[in-house]
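Trainee: Could we take a close look at one part of this model together? I'd like to see how you would read a helix and its surroundings, step by step.

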Amino acid sequence: MNQRPAILIARAVFPDVVARLREHFEVETNDEDAPFTPAQLIERLQGKVGVLTTGSERIDAALLAACPQLKVVCNIAVGYNNFDVPAMTAAGVLATNTPDVLTETTADFGFALLMATARRITESEHFLRAGQWNRWALDMFAGAEVHGSTLGILGMGRIGQAIARRGAHGFGMNVIYHNRSRLDAESEAACRARYVSKVELLQQADHLVLVLPYSTESHHAIGAAELAQMKPTATLVNIARGGIVDDAALAVALREKRLAAAGLDVFEGEPCVHPDLLDVPNVVLTPHIASATLKTRRAMADLAADNLIAYLGRGEALTPLNAGLPNPRC
């Protein structure tokens, strides 16, 4: 009787997903859910042909060289900046992610974060909880208008378009966007969005939402120079990836009131947060939870598991990032 292939689940997932994978593989889990160090991950991957990962596991050339039996890595995320995809392709290792299943949920959260930021919800709640509310005032926590204002979107993929539709159709916002490539006319019409240069986007947006993927090119796409081009009354929301914003420069702009407010779900070096961001009142901070509904997180885990089963079972994946490997590991 042939031994079943072995896989690793790098972080804790839903028990029913683990049970389904055990029907096909010998499964090692990480029930403590503590992120592995690079050395620990390499050790756990010895003898494994597949692994379910999250954003906390870095898959690079050094790991691939040290894990010669690894054939497929399935990320439980739409983003994959933890993958060195060229190195994986060169090594013959398939990479997959979980697009589509989290688009609408993430867009919902992005708009919720925009609303909380614009209307100063975190500031006012802290004020109330501290027992400082003893009278009403006409200008008490007066924030920025959302309906009818200008929504700027940097990065216009699936999630960016979903946010644009919410703004245009739900709140009557004037939607402008910048992207590496312009959308086709039909997609622009569906979003009621207008393409502009990055400079125009920064200068015109009342609320700027970042939804672009992280890469070396997008590192600090919003830094001190870009923040200086924004309106002092504007808000900035980042639901993309940490590192796209220079968090230190953002903290300075917020403290000096050169930007009205910011809403951040992602951070450089997370789970660590730049300490200066913790000291400014005009920022809403959440711990990378934009896709965090039970339905969506289950769908993400299920899709990652489906990719693993499909590729190791029949050599095909549902959502490959580097399909058509020239020399896949056998």
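Mentor: Sure, let's start with a pair of helices: α5 and α7 cross in a right-handed way. Keep in mind that this is a predicted model. Two packed helices are described by the angle between their axes and the distance between the axes. Here the axes of α5 and α7, which spans residues 158-171, come within 9 Å and cross at roughly 55°. That angle makes α5 oblique to α7.

Now find the residues that touch. On the α5 side, look for Thr103, Glu104, Thr106, Ala107, Asp108, Phe111 and Met115. They meet Arg158, Ile159, Ala162, Ile163, Arg165, Arg166, Gly167 and Phe171 in α7. Sort this contact by class and you get seven nonpolar, three polar and five charged residues.

Stay with α5, but turn to the empty space. Rolling a probe the size of a water molecule over the atoms shows where empty space is left. With a cut-off of 30 Å³ or more, the count is one cavity, and about 40 Å³ of space lies in the largest cavity. Its lining is made up of Ala116, Thr117, Arg120, Thr122, Glu123, Ala261, Pro281, Asn282, Val283 and Val284. Three elements give two or more residues each to that lining: α5 (103-118), α6 (121-129) and β12 (283-285). By class, the cavity lining has five nonpolar, three polar and two charged residues.

Some of those names come back when you look at the second largest pocket. This pocket has a volume of about 210 Å³, and 15 residues line it. Nearest its centre are Arg120, Glu123, Ala260, Ala261 and Asn282. Arg120, Glu123, Ala261 and Asn282 are also in the lining of the largest cavity. The pocket lining divides into seven nonpolar, five polar and three charged residues.

To set α5 and α7 beside another pair, try helix α1 (residues 15-22) and helix α13 (residues 294-314), whose axes come within 10 Å and cross at roughly 10°. With that angle, α1 is roughly parallel to α13. From α1, the contact uses Asp16, Val17, Arg20 and Leu21. From α13, you'll find Arg298, Ala301, Asp302, Ala305, Asp306, Leu308 and Ile309. This contact has six nonpolar and five charged residues, with no polar ones. So there are your two cases: an oblique pair in α5 and α7, and a roughly parallel pair in α1 and α13.

Technical notes. Residues are numbered from 1 along each chain as its sequence is written. This is a predicted model: local features need pLDDT of at least 70, side-chain atom pairs count only at pLDDT 80 or more; totals for chains, interfaces and linings use all residues. Side-chain values use heavy atoms; hydrogens and water are left out. On a 1 Å grid over the protein atoms alone, a cavity is a set of points where a 1.4 Å probe fits but cannot get out, and a pocket is an open set with protein on both sides within 12 Å along at least five of seven lines; lining residues have an atom within 4 Å of a point. Grid points are joined across faces, edges and corners, and a volume is the space filled by probe spheres set on the points. Helices (H or I, at least four residues) and strands (E, at least two) are DSSP runs, numbered from the N terminus. Ala, Val, Leu, Ile, Met, Phe, Trp, Tyr, Cys and Pro count as nonpolar, Asp, Glu, Lys and Arg as charged, and the others, Gly among them, as polar. Axes are lines fitted to C-alpha atoms, for helices over the stretch in contact, and angles run from 0 to 180 degrees between N-to-C directions. Angles under 35 degrees count as roughly parallel, over 145 as roughly antiparallel, 65 to 115 as roughly perpendicular and the rest as oblique. Contact means heavy atoms within 4.5 Å. A crossing is left-handed if the near helix is turned anticlockwise from the far one by less than a right angle, and right-handed if clockwise.
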